[in-house]
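Me: I have a model open and want to go through some of its local features. Please keep the answers short.

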Amino acid sequence: MKAIATDIASIVGEENTVLWENLEASQQKPIQQATVSVNPPNCIVYPRTQAQLAQIIATAYQNKWRVLPCGSGSKLNWGGLAKDIDVVVSTERINQLIEHAVGDLTITVEAGMKFTHLQGILAKSRQFLALEPTAPDAATIGGIVATGDTGSLRQRYGSVRDQLLGITFIRADGQVAKAGGRVVKNVAGYDLMKLFTGSYGTLGIISQVTFRVYPMQEVSGTVVLTGTAEAISQAASTLRGSALTPTQADLLSAQLVSNLDLGQGLGLIARFQSISESVKEQSNRLLELGTQLGLNGAIYADADDINLWKRLQKQIKSSSTDSAITCKIGILPSAAVEILQQVKVGLIHNSSGLGWLELEEKNQVLKLRDRTQAHQGFLTILTAPVAVKQNIDVWGYTGNALPLMRGIKAQFDSQNILSPGRFVGGI
């Protein structure tokens, strides 16, 4: 084995250390899409415990090896390109349940646990984690936090950081640190959890997390309205200002509506989850609003409701081609319809104005970024061919906090060994 792999194998064993040339092509591809360097990483390593992970990072710190942390790699190609990586460290084998406090509605797990596995544990107690990440079968809990991957459920339950109660992480020097706790009420202080959420592995490697969880709702039903941009915009605005309480509410582009066989024109999709009477009443009120505005409407219940949201997730989370550019957008909700009229496939959350778009080429990204910034918004690239990411600013950040971000990076990772180049401003 090469020198780096040999040193790492002495910590985790040869069976948990794989040289680059021994990786399957399917394992090499996401790493190639996430990095730029003359040479590929030396190896990928799979520590089995948090202690092994800490020892690996301490060794990397001593030797100044550049590290690309990941879970299963399902979102490894998001964000900027990491530079000159020496070793890829995966947490997917650090995946144990630490504690499920059913009565307190909290759960603590190691970062490598798969999202669907965690949901399966919670389902036994009729509870769930209110996130809707990309690739839920493959996504790890640590990766979800590191990328801030929430989904449509943020309409009712908020973002990843709103549900995160505590984290344990490995610092760049290999020391173990903690923030937050395992209870819903916590002491005030410097909130490291907010820093780590969406930091793309640039500040430390998350090894354990505690989330608040929620009871499963009794009944679920979804209303779909389709029609003209003007009427959909009015329906969305009325919904935002009403007393209705959807758990999910999204605006859909015309092509996405067509792909899902929901009708023609733009779409508004809203899901209500509560007791049966409440779901029925709220669904009918939104359907009536659509009728008044001349929109076509339908209610999906039971298996049809579940299947509809599964199909929607499949549509928006899988790129149609390898050359497609997927982007995260943040825009004033009132401007969402205008943006969706300019793209083929896109979804924007009705209350937050955050969403997902699939674009076709670099100039379209730049044009749409200008438009979103004019509406006090942002447009960042999640996935794109490496050549595109090398020729365009992935993040498009125009704020004044970059010096502060660089200062924080220097405090947490003075040798710049963790995911170098992956975050805003080349951090």
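**Helix 11 and two single residues**

Me: Thr17 first. Is Thr17 buried or exposed?
Reply: This is a predicted model. Buried means under 20% relative accessible area. Thr17 has 5%, so Thr17 is buried.

Me: Which residue's backbone oxygen lies 3.2 Å from a polar atom of the Thr17 side chain?
Reply: Thr17 is found in strand 1, residues 17–19. A polar atom of its side chain lies 3.2 Å from a backbone oxygen. That oxygen belongs to Gly13.

Me: Now helix 11. How far apart are its end C-alpha atoms?
Reply: Helix 11 has 17 residues, 276–292. At 1.5 Å a residue, they should span 24 Å. The computed distance agrees: 25 Å.

Me: Within what arc do the buried residues of helix 11 fall?
Reply: The buried residues are Val279, Gln282, Ser283, Leu286, Leu289 and Gly290. Seen down the helix axis, they line one face, because they fall within an arc of 120 degrees.

Me: Which exposed residues does the face turned away from that buried side carry?
Reply: The buried residues pack against strand 14, helix 9, strand 16 and strand 17. The face of helix 11 turned away from them carries the exposed residues Glu277, Lys280, Thr291 and Gln292.

Me: Last, His375. Which residues is it in contact with, leaving aside neighbours within four places in sequence?
Reply: His375 lies in the loop between helix 14 and strand 21. At 24% relative accessibility, His375 counts as partly exposed. Beyond those sequence neighbours, its contacts are Ile331, Leu332, Ala335 and Glu338.

Technical notes
Residues are numbered from 1 along each chain as its sequence is written. This is a predicted model: local features need pLDDT of at least 70, side-chain atom pairs count only at pLDDT 80 or more; totals for chains, interfaces and linings use all residues. Side-chain values use heavy atoms; hydrogens and water are left out. Helices (H or I, at least four residues) and strands (E, at least two) are DSSP runs, numbered from the N terminus. Buried means under 20% relative accessible area, exposed over 50%, partly exposed in between (1.4 Å probe, protein chains only). Contact means heavy atoms within 4.5 Å. A polar contact is a pair of N or O atoms within 3.5 Å; within protein, one must be able to donate a hydrogen and the other to accept it, and residues adjacent in sequence count only if both atoms are side-chain atoms. The expected span of a helix is 1.5 Å times one less than its number of residues. The arc is that of the directions from the helix axis to the C-beta atoms.
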